[in-house]
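Colleague: Please put the model up, and then I will ask about its cysteines, sheets and cavities.

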Amino acid sequence: MRNLEAFGYGCAFVDYNNDGWQDILLVARPHPILYRNKGGGKFEDVTAAMGLTRIRGYWTGCAVADFDGDGYLDLLLTGFSRLALLKNISGHGFQDVTVAAGLDPKNHGNWGSSAGFMDLTGSSALDLVITNYVVFGPHEKQYCELRPGIRSGCPPDEYRPQFPELWKNDGHGHFKNITSSSGLLKTHGKGLVLAFADYDDDGRVDFYIGNDGTPAELMRNLGGLRFKNVGVETGIAYGAMNHALAAMGADWGDYDRDGKLDLAVTAFSDEPYSLLRNLGRGAFEQMNDTLGISGPTFKTLGFGAKWIDVDNNGWPDLAFANGHVYDNVDQIDPLETFREPMMLFQNERARQFVDLVPDIGGDLSKPIVGRGSAVGDYNNDGRQDLLVVDMEGTPLLLRNDTATANHWITLDLRGTRNRFAYGAKVTARTGHEAWVGLVSPASSYLSSSDPRIHFGLGSTNHLDELTIRWSDGRVKMLRQLPVDRILRISE
């Protein structure tokens with residue numbers, strides 16, 4: 001299988017019509033597919049009605065945000081020498097505004113991968129980060145001999161890197177490329193995944209870029225849309241075996257409940273996935289060996305990666321969508337397969353992670369060629385569900401039917417100008433218990449999740465205090481909140 005074919009697609013949960021139900025976007029060729037959530041577990045294909053059949057290209061990834069502040073979530077599609085920004089017309093259709101917004105529909109000839117919008121300056125305007133992969137085309141090498149007489153797609157070191165871009169939003173629906181002044185050229189290229197987090201809690205949102213076989217980047221926000229790459233000095237640039245990962249998927253979450261966001265990253269086969277604990281003081285520690293993740297993930301090849309509190313006990317679990325890139329990998333290594341089951345690691349109160357899939361079985365254990373994944377509560381029952389792309393099959397919408405008496409709360413934050421509150425940090429407290437989250441749907445692999453913040457609360461039946469630090473720095477505090485509900489909070 002060639003590299004372009006093996007790259008796969010992303011997916012998204014997106015409430016495009018503001019009816020309170022998470023709809024589903026599937027990135028596909030020749031055009032994306034959009035399903036409207038009708039409630040009651042039913043969906044309707046509205047691709048043609050929303051004008052998306054006209055948006056043609058070799059698409060790969062997606063990002064979701066209200067880039068123009070009109071109160072409706074818009075779409076961005078990345079692809080092979082293709083880029084599209086699609087304005088949401090009040091939930092009734094999508095209009096291609098790529099050129100009008102100052103973006104290049106051919107993406108400067110880049111192979112676009114993951115992308116995301118974020119308020120990086122506190123101005124409430126959502127800037128855009130796009131990661132790009134490698135130089136590829138008919139004149140580049142198409143196949144490589146991986147073992148004598150066995151050919152398949154080529155590894156990334158056969159290709160020249162492409163580099164990430166930063167586009168500044170002027171607040172009036174127009175973007176300007178400021179990559180050269182931002183610090184993003186001091187990166188390694190071959191980007192695959194983007195994930196935002198204020199990892200050092202200084203009030204400015206930073207971001208992680210995972211690359212394919214080159215050191216990963218942690219772009220520390222210095223203010224004024226200037227960033228410093230601190231990947232090496234913080235300890236996230238390399239994997240557990242002290243070399244650069246093929247970091248396809250990544251997501252931030254506070255697995256140990258210490259108030260600091262930690263990072264999970266997938267890897268190629270014959271390399272364990274990484275769980276990087278945020279120690280504060282600008283340092284991270286590899287915890288995958290200690291927590292039991294290294295062994296089970298060593299032979300798998302991971303793409304989608306998402307934190308998800310499956311049983312609402314307050315300790316976020318970890319879901320991986322796996323699948324190889326070589327369709328003849330069993331001829332290269334008899335211990336590996338092209339199709340692989342997902343993994344769902346239960347977080348045992350930050351002491352150990354145990355893969356539940358062998359015991360659960362069913363659709364979770366079905367071998368797939370996993371790529372993008374997203375988390376969202378599509379039926380609004382207080383349990384987070386999973387959407388997973390199978391590159392060689394139908395997508396999986398995995399409804400969470402976990403039987404639990406644990407409590408929960410979902411926070412639907414709405415800002416004044418930054419209408420969906422991207423970059424807002426939430427801290428919830430009851431007694432000595434605390435939970436933290438950031439409104440940031442871009443993560444996993446080529447995908448975008450439900451932007452609402454969900455906390456499993458275990459036996460906690462109320463919140464003493466909820467503190468919201470909006471992206472513009474203002475703070476709102478609420479006290480004595482009921483739980484087991486979706487709560488919309490306005491700035």
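Colleague: Is Cys-144 buried or exposed?

Modeller: This is a predicted model, in which local features need pLDDT of at least 70 and side-chain atom pairs count only at pLDDT 80 or more, while totals for chains, interfaces and linings use all residues. Residues are numbered from 1 along each chain as its sequence is written, and side-chain values use heavy atoms, with hydrogens and water left out. Buried means under 20% relative accessible area, exposed over 50%, and partly exposed in between, with a 1.4 Å probe and protein chains only. Cys-144 has a relative accessible area of 7%, so the answer is buried.

Colleague: Which cysteine forms a disulfide with Cys-144?

Modeller: A disulfide is a pair of cysteine sulfur atoms within 2.5 Å, and by this rule the count comes to 1 disulfide. The sulfur partner of Cys-144 lies 2.1 Å away. This partner counts as buried too, at 3% relative accessibility. It is Cys-154.

Colleague: How many residues apart in sequence are the parts that this pair ties together?

Modeller: Strands here are DSSP runs (E, at least two residues), numbered from the N terminus. Cys-144 lies in strand β11 (residues 144-147), whereas Cys-154 sits in the loop between β12 (150-152) and β13 (165-169). The pair therefore ties together parts whose separation in sequence, in residues, is 10.

Colleague: Why is Cys-62 not bonded to Cys-11?

Modeller: Cys-11 is buried at 0% relative accessibility, and Cys-62 is buried at 1%. Cys-11 is in no disulfide. The closest cysteine sulfur to that of Cys-62 is in Cys-11, and it is too far for a bond because the distance is 6.7 Å.

Colleague: Which strands are the edges of the sheet β5-β6-β7-β8?

Modeller: Two strands pair if DSSP finds at least two bridges between them. This open sheet has 4 strands with antiparallel pairing. β5 pairs with strand β6 (residues 74-79) over 6 bridges, and Ala-65 has Asp-74 in β6 as its bridge partner. The strands that pair on one side only are β5 (59-65) and β8 (94-96).

Colleague: Which strands stand at the edges of the open sheet β19-β20-β21-β22?

Modeller: The pairing in this sheet of 4 strands is antiparallel. β19 and strand β20 (residues 262-265) pair over 4 bridges, and Gly-253 has Asp-262 in β20 as its bridge partner. Each edge strand has a single partner, so one side of each is left without a neighbour in the sheet; the two are β19 and β22 (283-286).

Colleague: What is the volume of the largest cavity?

Modeller: On a 1 Å grid over the protein atoms alone, a cavity is a set of points where a 1.4 Å probe fits but cannot get out, and lining residues have an atom within 4 Å of a point. The structure holds 3 cavities of 30 Å³ or more. The largest is lined by 38 residues, of which Trp-252, Trp-307, Gln-384, Gly-437 and His-454 lie nearest its centre. Taken as the space filled by probe spheres set on the points, its volume is about 680 Å³.

Colleague: How many charged residues are in the lining of the second largest cavity?

Modeller: This cavity has a volume of about 60 Å³. Its lining has 13 residues, with Tyr-208, Ala-216, Ile-236, Ala-237 and Leu-245 nearest the centre. Asp, Glu, Lys and Arg count as charged; Ala, Val, Leu, Ile, Met, Phe, Trp, Tyr, Cys and Pro as nonpolar; and the others, Gly among them, as polar. By class there are 9 nonpolar and 4 polar residues, and the number of charged ones is none.

Notes: On a 1 Å grid over the protein atoms alone, a cavity is a set of points where a 1.4 Å probe fits but cannot get out, and a pocket is an open set with protein on both sides within 12 Å along at least five of seven lines; lining residues have an atom within 4 Å of a point.
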